[in-house]
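New to this one? Have a look at the structure first, and then use the notes below to find your way around.

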Amino acid sequence: MYILKKAQKKDFSLLEKWKLHTILEYAGDLPAEELSKIRKYVHKSVEEDIQLYNLVVVNENNVGCVLVRPYKEGYLLDEIYLESAYRNQGIGTSIILDILKQYAVVYLWVYKKNQKAICLYKRLGFNVLEETETRYLMKFENMF
């Protein structure tokens, strides 16, 4: 169905585009100054974390990415992105399930506007721990 492949420096612009899209899709309308700050943050963030990214590959095509990093006593699913043509096919759910099998504790942040994702995360066993004005911090604990 899919494979994960370590991202390389040559993938930088693609990862940057996807991360920016992930943020802007649910961030709402932003003033130009805020948008500029976000673009700078995304550039710096991808540059610093490129070695942690994996590309999602389907039929030899790069169709998305995933970023998992150590966080608190577990791991943070910091980013998961799929091109729109590859959504709603179970790929994202499979990736998340594989992550949940690897780690006993997994956290993630999700925009409150992303109700579809929130429903999926709750169905998979995530619970809301904290919330900000725009996002939830959710946690999954594997009860091996």
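Here is a quick tour, sorted by topic.

Keep in mind that this is a predicted model. Confidence is the place to begin: the protein chain has a mean pLDDT of 94, and 99% of its residues reach 70 or more. From there, the tour goes through a strand, the cores, a pocket and a few single residues.

**Confidence along the chain**
- Strand 2, which covers residues 53-58, has the highest mean pLDDT among the elements of the protein chain, at 98.
- At the other end of that ranking sits helix 1 (residues 12-27), with the lowest mean pLDDT, 92.
- As a general rule, predicted coordinates should not be read in detail where pLDDT is low.

**Strand 2 and its partners**
- Strand 2 is mostly covered, with 6 of its 6 residues buried.
- That goes for both of its faces: Tyr53, Leu55 and Val57 are buried on one side, and Asn54, Val56 and Val58 are buried on the other.
- Strand 1 (residues 3-6) pairs with strand 2 in the antiparallel sense, over 4 bridges.
- Strand 3 (residues 61-71) also runs antiparallel to strand 2, and 6 bridges join the two.
- Val57 is a handy landmark here, since you can follow bridges from it: its partner in strand 1 is Ile3, and its partner in strand 3 is Asn62.
- The hairpin of strand 2 and strand 3 has 2 residues between the strands, and Asn59 takes a positive phi near 50° in this hairpin.

**The nonpolar cores**
- The largest nonpolar core holds 25 residues, and Leu77, Ile96, Val110, Tyr121 and Phe126 have the most contacts inside it.
- Several elements give two or more residues to this core, including strand 4 (74-82), strand 5 (105-111), helix 4 (115-123) and strand 7 (135-141).
- Helix 3 (91-102) provides the largest share of the core, 5 residues.
- Pick out Ile96 and, leaving aside its neighbours within four places in sequence, you'll find it in contact with Leu77, Ile80, Leu120, Tyr121, Leu124 and Phe126.
- Another core, of 17 residues, lies apart from the largest one; Leu15, Val42, Leu67 and Tyr81 are among its members.

**The largest pocket**
- The largest pocket takes in about 1,200 Å³ of space.
- It is lined by 41 residues, and the closest to its centre are Tyr26, Ile80, Asn114, Ala117 and Tyr121.
- Strand 4 gives the largest share of the lining, 7 residues.
- Among the other elements that each supply at least two lining residues are helix 1, helix 2 (32-49) and helix 4.
- Two of these names turn up in the core notes as well: Ile80 and Tyr121 are both contacts of Ile96.

**Single residues worth a look**
- Lys72 lies in the loop between strand 3 and strand 4, and it has a positive phi of about 50° although it is not a glycine.
- Lys72 counts as exposed because its relative accessibility is 52%, and the cut-off for exposed is over 50%.
- Asn88 is in the loop between strand 4 and helix 3, with a positive phi near 60° in a residue other than glycine.
- Asn88 is exposed too, at a relative accessible area of 65%.
- Met143 sits in the segment after strand 7 and is exposed, with a relative accessible area of 70%.
- Met143 and Ala104 are 39 residues apart in sequence, yet their C-alpha atoms are 7.5 Å apart in space.

Note on methods: Residues are numbered from 1 along each chain as its sequence is written. This is a predicted model: local features need pLDDT of at least 70, side-chain atom pairs count only at pLDDT 80 or more; totals for chains, interfaces and linings use all residues. Side-chain values use heavy atoms; hydrogens and water are left out. Buried means under 20% relative accessible area, exposed over 50%, partly exposed in between (1.4 Å probe, protein chains only). Two strands pair if DSSP finds at least two bridges between them. A nonpolar core is a set of buried Ala, Val, Leu, Ile, Met, Phe, Trp, Tyr and Cys residues joined through side-chain atoms within 4.5 Å. Contact means heavy atoms within 4.5 Å. pLDDT is the predictor's confidence in each residue, from 0 to 100. On a 1 Å grid over the protein atoms alone, a cavity is a set of points where a 1.4 Å probe fits but cannot get out, and a pocket is an open set with protein on both sides within 12 Å along at least five of seven lines; lining residues have an atom within 4 Å of a point. Grid points are joined across faces, edges and corners, and a volume is the space filled by probe spheres set on the points.
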